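Please open the model in a viewer and keep the selection panel at hand. The tour below proceeds by selection, from individual side-chain pairs to the surroundings of the ligand.

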Amino acid sequence: MTEHERYEAVVVGCGPGGAAAAAALARNGVETLVLERGVDAGSKNVSGGVIYAEESAPYTIESLFPGFREQATERPVTDNYIHNVAGDRVKTFDIGELHHHDTAWADSVLRRPMDSWLAERVHERTRETGGGLLTEIHVTGLLRENGEIVGVRTEELAPIEADLIVAADGVNSELARDAGLMDWDDPAEWFQGVKAVVDMDPAVLDDRFDIDPDEGEAHLFSGDLFDGVRGGGFLYTNRESLSIGTVFHLDSLADERAEPQELLDALLTHPLLAQWLGEEYREREYSAKLVPDSKKVAHESPHDDRLVLVGDAAGQMQAQGPIIKGMNHAVSAGALAAEAFADARSRGDPHRAGEFYERKLREEGVMAKLRPRSYDLVGRLSEIDAVDRVATAVADSALGRLGLRARPGSSNAPTTPPARRDGSRYRTALRDAPDRHRRGAG
Amino acid sequence: MNTVVLTKGVPDFREEQVSFDEDGHLERGKTPTVMNPNDRPALRAALQAKVRTGGTVSLMSMGPPGYEDVLREGMEDVYADDCYLLSDREMGAADTWATAMTVATGLQRLADSPDLVVAGFKTADGETGHTGPQTAYCLGWPLVTHVTSLDVDAAAGRLRAERLVDGDASEVETVEAPLPCFVVADPEFEPTYRTASHRLAHKDLRDATQQRARNLEDHLTVWDHEDLNLDPDYIGLDGSPTIVAGVDPIPKAPAERDATVVDGSRPSELEPVLSELTPYAAGD
Ligand SMILES: Cc1cc2nc3c(=O)[nH]c(=O)nc-3n(C[C@H](O)[C@H](O)[C@H](O)COP(=O)(O)OP(=O)(O)OC[C@H]3O[C@@H](n4cnc5c(N)ncnc54)[C@H](O)[C@@H]3O)c2cc1C
């Protein structure tokens with residue numbers, strides 16, 4: 001037998017799942033080594049989204065990393081709308097109520113600053129256990145001895161052995177594939193996500209959305225965004241930028257042969273967005289990524305020997321219509337895996353962590369969210385009539401693809417914008433700006 | 001284990017930085033001083049020794065007070081614990097022998113005697129490569145030159161090194177030597193950190209060093225010839241058996257190749273370039 005370097009736990013990947021696992025392991029005094037491929041954690045994780053703290057979740061990122069909201073997020077989501085595009089009509093709903101259902105808070109985040117904030121804390125805490133975080137380490141596969149998984153192999157280091165191996169290496173998890181725990185290849189199991197970050201001066205942003213600096217909005221888009229392809233879109237306000245993206249079912253895209261950028265353009269050039277994007281704007285970051293559909297692929301038993309999978313690596317990415325919940329589940333799963341290991345270790349049987357983890361995922365209700373047995377209320381968001389029943393439309397305007405030239409005051413534009421709860425105005429009026437979409441200009 | 005790295009400031013010979021007078025002589029006053037580029041491998045070797053075996057790393061240099069910047073730079077690079085500058089007028093204009101005498105005395109003056117001294121291959125200004133070996137000679141220590149990889153076993157009081165035989169990259173030999181030992185790092189020296197614990201130690205050192213380099217004064221000791229109890233007749237210009245008789249600029253080699261200028265503003269104009277290059281493409 002070869003002598004390998006040993007740690008109690010090795011966490012692969014320092015996204016939200018890995019960071020949560022590492023923090024919870026460190027809290028339990030487990031000697032934890034975290035290996036991250038990026039130069040800086042977050043360097044590979046472009047663009048942003050909204051991280052949710054569910055009231056029913058066993059863990060939130062703030063509970064594991066106090067100060068997270070204060071220091072690592074962009075804006076709290078204080079207003080929520082969904083725009084249903086149906087042919088030439090757009091129906092806008094205020095879904096604040098729905099949003100508050102089971103949501104303690106939700107903040108927009110940019111992954112680069114968020115991940116490096118997390119990485120710094122992860123290193124500090126794991127270093128105290130005798131481990132630490134190393135970046136620029138590419139984990140290439142599992143280390144096996146007599147057929148049993150006992151550690152990891154990397155490009156840069158000699159093999160490392162551990163009692164617990166947490167694969168938090170995201171959607172293309174090399175560890176999950178190596179272990180034979182990931183075999184998704186059916187397009188029906190995937191979404192094509194495309195996101196961009198558009199820079200915007202904070203004063204302009206506040207003005208265009210009519211919000212204060214400590215407020216933020218989430219706009220979701222569903223319906224006919226891209227010729228008959230099933231999917232949706234989102235727009236979130238950051239401090240000085242917008243995160244805009246689309247998520248389409250890969251199977252329904254398969255025939256279209258559309259380039260990812262075209263999918264994003266379908267949203268960016270949509271007349272609805274002109275009111276926020278203005279005459280011209282600068283796209284700072286652009287990324288395309290395939291993401292799993294937890295309803296189809298969330299692994300019921302995401303472990304083998306000493307290996308546990310958390311987050312995207314376990315298919316734990318939940319799409320409720322255009323609402324995407326991946327980071328929050330990765331956080332819960334990561335912390336539960338750590339808890340499971342601490343339990344198993346205290347019983348003198350650390351290698352049973354996987355089994356305990358699986359049980360916790362079920363008992364804490366995480367699995368039920370990822371693979372719901374029946375559509376719950378929120379799950380029906382993408383269906384226009386369902387939304388109709390739970391939310392009141394705040395605007396109903398005619399402006400589909402052919403309504404591009406609609407002007408405020410013309411016959412098919414909305415009349416007086418309705419009042420918002422707080423008395424301010426929600427502007428759905430369109431501007432006539434045929435050349436506003438100057439990519440990268442200026 | 002205590003390691004000392006010898007380093008030196010040299011004129012920054014990069015274009016834009018360096019300045020020559022009409023006769024082609026270097027204008028020292030107008031050319032910034034930087035750390036001798038060949039010393040970087042020596043710094044890396046010392047850092048590797050510290051990461052792997054713990055202990056301290058000190059930097060030592062002989063030169064004018066302006067070398068403090070060089071030491072600061074070196075400190076950030078090698079995460080050194082402290083720096084020693086051997087500096088006064090009597091040491092000025094020394095050749096490699098007088099320098100070796102002075103540096104060897106500085107090394108012997110250290111409170112904690114070093115187990116390992118690492119020097120760079122040669123300086124970018126003198127290009128002799130003599131100072132390191134002569135210092136080892138003055139100390140009476142074993143000397144290993146052209147070192148490309150290094151493994152120190154402090155407990156056993158030995159080191160094992162891979163070195164290029166006669167500086168030839170095609171022939172490598174592995175040698176062992178007892179500590180204390182003098183090592184000259186080859187420009188090809190590459191440190192390796194193959195364990196997580198070494199990388200973590202490396203990261204700890206980096207975090208701890210930045211502050212130290214900012215407060216260099218607190219970690220810098222300056223010694224003059226009296227501190228070292230050196231007779232001025234044996235150091236500096238007076239102690240130098242060799243002199244530089246003259247420096248001749250090397251004329252630029254005339255360009256013999258023909259050049260065809262292509263205006264690449266239209267793609268079609270690039271086609272001849274492509275057809276010229278195609279025969280040289282990989283495999284053909
Ligand atoms: C278009 C789009 C929009 C989204 N919007 C949201 C949203 O608004 N809210 C939300 O909650 N979720 C959203 N998601 C999903 C969310 O990004 C993921 O679910 C979440 O990031 C999963 O976290 P994770 O920790 O499992 O993996 P990741 O965040 O993917 O982190 C994996 C980490 O592992 C590292 N890594 C990968 N391979 C290796 C290796 N071999 N060795 C070492 N390190 C490795 C990576 O560099 C990375 O840092 C969105 C996804 C897409 C595509």
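Select Asp151(B): in this predicted model, the residue has a relative accessibility of 41% and counts as partly exposed. Add Arg52(B), which is likewise assigned to the partly exposed class, at 28% relative accessibility. The two side chains form a salt bridge, with an N to O distance of 3.2 Å. Colouring by secondary structure places Arg52(B) in helix α1 (residues 39-53) of chain B and Asp151(B) in strand β7 (residues 143-153) of chain B; the pair thus links distant parts of the chain, 99 residues apart.

Next, move to chain A and select Glu300(A), Glu358(A), Arg362(A) and Arg371(A). Salt bridges with shared partners connect these four residues into one network. Over all chains, the number of salt bridges comes to 36.

Two further pairs in chain A merit a selection each.

Display Asp206(A) together with Arg75(A), whose side chains meet in a salt bridge at 2.9 Å, N to O. Asp206(A) belongs to helix α7 (residues 202-209), while Arg75(A) sits in the loop between α3 (68-72) and β4 (79-86) of chain A, so this contact ties together parts that are 131 residues apart in sequence. Are these two residues buried or exposed? Both Asp206(A) and Arg75(A) are buried, that is, under 20% relative accessible area.

Then display Asp178(A) and Arg144(A), a salt bridge with an N to O distance of 2.9 Å. Here helix α6 (residues 174-178) of chain A supplies Asp178(A) and strand β8 (residues 139-145) supplies Arg144(A), a link between distant parts of the chain that are 34 residues apart. Asp178(A) is partly exposed, with a relative accessible area of 32%, and Arg144(A) is also partly exposed, at 36%.

Return briefly to chain B and select Leu179(B), located in the loop between β9 (168-178) and β10 (181-185). Leu179(B) has a relative accessible area of 17% and is buried. Draw a C-alpha to C-alpha distance from Leu179(B) to His146(B): the two are 18 Å apart in space and 33 residues apart in sequence.

Finally, centre the view on the ligand and show the residues around it. How many residues surround the ligand? There are 37, and the closest are Glu36(A), Val50(A), Arg111(A), Asp312(A) and Met327(A). By class, this shell contains 17 nonpolar, eleven polar and nine charged residues.

Three polar contacts can be labelled in turn:

- Glu36(A): a side-chain N or O atom lies 2.6 Å from an oxygen atom of the ligand.
- Asp169(A): a backbone N or O atom is 3.5 Å from a nitrogen atom of the ligand.
- Ile324(A): a polar backbone atom is 3.0 Å from a nitrogen atom of the ligand.

Switch to a surface representation of the ligand: on its own, the ligand has 990 Å² of accessible area, of which the protein covers 97%. Colour the elements of chain A that give two or more residues to the shell: α1 (16-27), β3 (48-54), β11 (190-199), β13 (231-237), β15 (282-292), β19 (323-325) and α12 (327-346). Colouring by domain closes the tour: domain 1 (5-70 + 110-182 + 299-370) and domain 2 (76-106 + 187-291 + 377-439) of chain A each contribute at least three residues to the shell around the ligand.

Terms used: Residues are numbered from 1 along each chain as its sequence is written. Chains are lettered from A and ligands numbered from 1 in the order in which they are written. This is a predicted model: local features need pLDDT of at least 70, side-chain atom pairs count only at pLDDT 80 or more; totals for chains, interfaces and linings use all residues. Side-chain values use heavy atoms; hydrogens and water are left out. A residue is near a molecule or strand if one of its heavy atoms lies within 4 Å of it. A polar contact is a pair of N or O atoms within 3.5 Å; within protein, one must be able to donate a hydrogen and the other to accept it, and residues adjacent in sequence count only if both atoms are side-chain atoms. Accessible areas come from the Shrake-Rupley method with a 1.4 Å probe; for residues, only the protein chains shown count as cover. Helices (H or I, at least four residues) and strands (E, at least two) are DSSP runs, numbered from the N terminus. Ala, Val, Leu, Ile, Met, Phe, Trp, Tyr, Cys and Pro count as nonpolar, Asp, Glu, Lys and Arg as charged, and the others, Gly among them, as polar. Domain bounds come from an automatic or database domain assignment. Buried means under 20% relative accessible area, exposed over 50%, partly exposed in between (1.4 Å probe, protein chains only).
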